[in-house]
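User: Hi! I'm new to reading protein structures and would like to go through one with you. Could you show me how to go about it?

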Amino acid sequence: MNKSISLLIVVLTFLFVGCVQVTFTSPMPFNRSNKKTFPESLQGDWFYKGDNDELAEKITISSQFIDIGDENIVINEQNLLRKFNGFYILNSLSEDKGRYSLTLAKKNGAGLGVYKFDGSDEAKIKIWEEILGTDSVEVINIGGESLETEEIILKPKNNSTFRKLLNEGGITHLGDYVR
């Protein structure tokens, strides 16, 4: 019965959802070293030709930062870079929450694919619950009794379950950059 109730809450929640942040309680993947620099194969100018408003038209990756036009993301204690399962994973700490949001990139030939965990995609949430279990997918609503979701916290138990999220449809492809 708990599974049915949680699924109903999630479905009702997403009727009122805008942008929903997906976070993790720890940097992902577990027990992996933080990279100090971006690899040379990723460094340089990258151009996006698609129509996704979430992606900048041009990004420049340097050894220790990404220039996204009006914003620079620097690898430091708040932005940890790790590699796992072919992905470069940027873990960005939300200081007010103490949790990490993830942006993933994967080099595919001459392109660079960008991915994220999309909290507004009901199908993805079902995948997360199937892989992690409903107890490891925590939905936080805005203002107590509001049905509008503010954040979803994913709590994989180990790197094996995190890998399943990546390989079994748990992430959303935002688009590809080319040189």
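User: Let's begin on the outside. How much area does the chain expose, and what share of it do carbon and sulfur atoms supply?

Analyst: Keep in mind that this is a predicted model. The chain exposes about 9600 Å², and 47% of that comes from carbon and sulfur atoms. As for the inside, 42% of the 179 residues count as buried.

User: Okay. How many helices and strands are in the chain?

Analyst: You'll find three helices and twelve strands. You can also ask how far along the sequence the contacts reach. Take the contacts with a separation of 6 or more: 62% of them are between residues 24 or more positions apart.

User: Now the interior. Which residues of the largest nonpolar core touch the most other members?

Analyst: That core has 25 residues, and the ones touching the most other members are F24, L102, L104, F117, W128, L154 and F162. Next, look at where the members come from: β1 (21-24), β6 (79-84), β7 (87-94), β8 (99-108), α2 (122-132), β11 (149-154) and α3 (159-167) each give two or more residues. The most come from α2, which gives four.

User: Let me zoom in on one residue. What does F24 touch, leaving out residues up to four places away in sequence?

Analyst: Quite a list: R99, Y100, L102, F117, L154, P156, F162 and L165. Apart from the core we just looked at, there is another one of 16 residues, including Y48, L55, I59 and I66.

User: How do I describe two helices that pack together?

Analyst: For two packed helices, you give the angle between their axes and the distance between the axes. Here, α2 and α3 pack at about 150°, and their axes are 10 Å apart. Angles over 145 degrees count as roughly antiparallel, so α2 is roughly antiparallel to α3. The crossing of the two is right-handed.

User: Which residues make the contact between α2 and α3?

Analyst: On the α2 side they are W128, I131 and L132, and on the α3 side T161, K164 and L165.

User: What about E130, is it buried or exposed?

Analyst: E130 is found in helix α2. Its relative accessible area is 65%, and over 50% counts as exposed, so E130 is exposed. Now compare sequence with space: E130 and L165 are 35 residues apart in sequence, while their C-alpha atoms are 9.8 Å apart.

How values were computed:
Residues are numbered from 1 along each chain as its sequence is written. This is a predicted model: local features need pLDDT of at least 70, side-chain atom pairs count only at pLDDT 80 or more; totals for chains, interfaces and linings use all residues. Side-chain values use heavy atoms; hydrogens and water are left out. Buried means under 20% relative accessible area, exposed over 50%, partly exposed in between (1.4 Å probe, protein chains only). Contact means heavy atoms within 4.5 Å. Accessible areas come from the Shrake-Rupley method with a 1.4 Å probe; for residues, only the protein chains shown count as cover. A nonpolar core is a set of buried Ala, Val, Leu, Ile, Met, Phe, Trp, Tyr and Cys residues joined through side-chain atoms within 4.5 Å. Axes are lines fitted to C-alpha atoms, for helices over the stretch in contact, and angles run from 0 to 180 degrees between N-to-C directions. Angles under 35 degrees count as roughly parallel, over 145 as roughly antiparallel, 65 to 115 as roughly perpendicular and the rest as oblique. A crossing is left-handed if the near helix is turned anticlockwise from the far one by less than a right angle, and right-handed if clockwise.
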